[in-house]
Amino acid sequence: MDSYARTRERLETYFGRTAAKTWENLTSDAPVSRIRQTVREGRDQMRAAMLARLPDDLTGCRVLDAGCGAGPMTLELVQRGAEVVACDISQSLLDVAKSRIPDKYHRQITFVAGDMLSERLGRFDYVMAMDSLIHYQARDIAEALGKLAPRTRGKIVFTVAPKTPLLSVMHVTGKLFPRSDRSPRIIPHSEARIASALRKALVKGRLRAVARVAKGFYISQAMELER
């Protein structure tokens, strides 16, 4: 997965150093620009849509929050009773998550800075990967799911950037005018393309689209893979 590793390295630089403060503010209640406010609201809507795919009571369940960022998904999961592995490539954002999540929940959380695909993280009942795969090629997404699926008893709920005219133009523009690690580009995909990549990678499971959120500058498609 060389291309996965290269992209992950760029993301680690971006979220860990270049834009760590920006994402800390975006995921807080701090005032932001109108454009970033739409992203904040869109992410809130998407998180709610993804959580709706899981049981209300997660007591006894082990859940991977893959790309947990500042921890809003992790907080809601532990409030439902889950034991959560909160993994992110940015130690800076993990530190924010630790500071924001009340201490009483910390015994339910294992914070891990590193690769969300690492086998050392163990096995799970569910995996949540909100906007942590949107920068990858379809083959890399398929291979990532292929690494997680055998270790997941239930479903993997994840998001991709849907292939819309707006996102396609943004993707092409990003290729023509690269911004280096300052702004890793989002790669749009159709459901059919993800399904095809999964078949080629011999990843088993039922794939289905479950929710789409379009809020201003935030556009994301939630999907789930269930064994």
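**A look around the predicted fold**

Asp131 sits in the loop that runs between strand S4 and helix H6. This is a predicted model, and in it Asp131 takes a positive phi of about 60° even though the residue is not a glycine. That is worth a second look, because most residues other than glycine have a negative phi. Asp131 is also tucked away: its relative accessibility is 11%, under the 20% cut-off, so the residue counts as buried.

Leu202 makes a handy companion case. Here too phi is positive, near 60°, in a residue other than glycine. Leu202 belongs to a loop as well, the one between helix H8 (191-200) and strand S7 (206-215). Is Leu202 buried or exposed? With a relative accessible area of 73%, Leu202 is over the 50% mark and therefore exposed. So one of these two positive-phi loop residues, Asp131, is buried, whereas Leu202 is exposed.

Stepping back to the whole protein chain, the model has 8 helices and 8 strands. Its radius of gyration comes out at 16 Å, close to the 17 Å that the globule rule gives for 227 residues, so the chain is as compact as a globular protein of that length. Put in a box along the principal axes, the C-alpha atoms take up roughly 45 × 45 × 30 Å. Half of the chain is out of reach of solvent by the usual cut-off, with buried residues making up 50% of the 227.

Contacts tell a story about sequence separation. Of those between residues at least 6 apart in sequence, 70% join residues at least 24 apart. On the outside, the protein chain exposes about 11,400 Å², and carbon and sulfur atoms supply 49% of that area. As for charge, there are 38 positive and 25 negative charges, and their mean positions lie 5 Å apart.

Among the strands, S1 (residues 62-66) is mostly covered, with 4 of its 5 residues buried. Which way does S1 run relative to strand S2 (residues 83-88), parallel or antiparallel? The two pair in the parallel sense, over 5 bridges. Within this pairing, Asp65 stands opposite Ala86 of S2.

Phe124 ties in with this part of the fold. Phe124 is found in the loop between strand S3 (109-113) and strand S4 (126-129), and at 3% relative accessibility this residue falls under the 20% limit and so counts as buried. What does Phe124 touch, once its neighbours within four places in sequence are set aside? The contacts are Arg62, Val63, Leu64, Val85, Arg151, Thr152 and Arg153. Of these partners, Arg62, Val63 and Leu64 fall within the residue range of S1, and Val85 falls within that of S2. Ala20, by contrast, is well away from this site: 104 residues separate Ala20 from Phe124 along the chain, and their C-alpha atoms are 28 Å apart.

Ala142 offers a helical counterpart. Ala142 lies in helix H6 (residues 138-148), and with a relative accessibility of 2% this residue also counts as buried. Beyond its neighbours within four places in sequence, Ala142 is in contact with Ala197, Leu198, Ala201 and Val203. Two of these, Ala197 and Leu198, fall within the range of H8. Ala195, 53 residues from Ala142 in sequence, is 8.4 Å away in space, C-alpha to C-alpha.

Note on methods: Residues numbered from 1 in each chain as written. Predicted model: local features only at pLDDT ≥ 70, side-chain atom pairs only at ≥ 80, totals over all residues. Heavy atoms only, no water. Rg over C-alpha atoms; globule rule 2.2 N^0.38 Å. Buried < 20%, exposed > 50% of the residue type's maximum accessible area, 1.4 Å probe, protein only. Contact = heavy atoms within 4.5 Å. Areas by Shrake-Rupley, 256 points an atom, 1.4 Å probe, with all protein chains shown as cover. Lys, Arg positive; Asp, Glu negative; His and termini not counted. Charge placed at Lys NZ, Arg CZ, Asp CG, Glu CD. Pairing = 2+ DSSP bridges.
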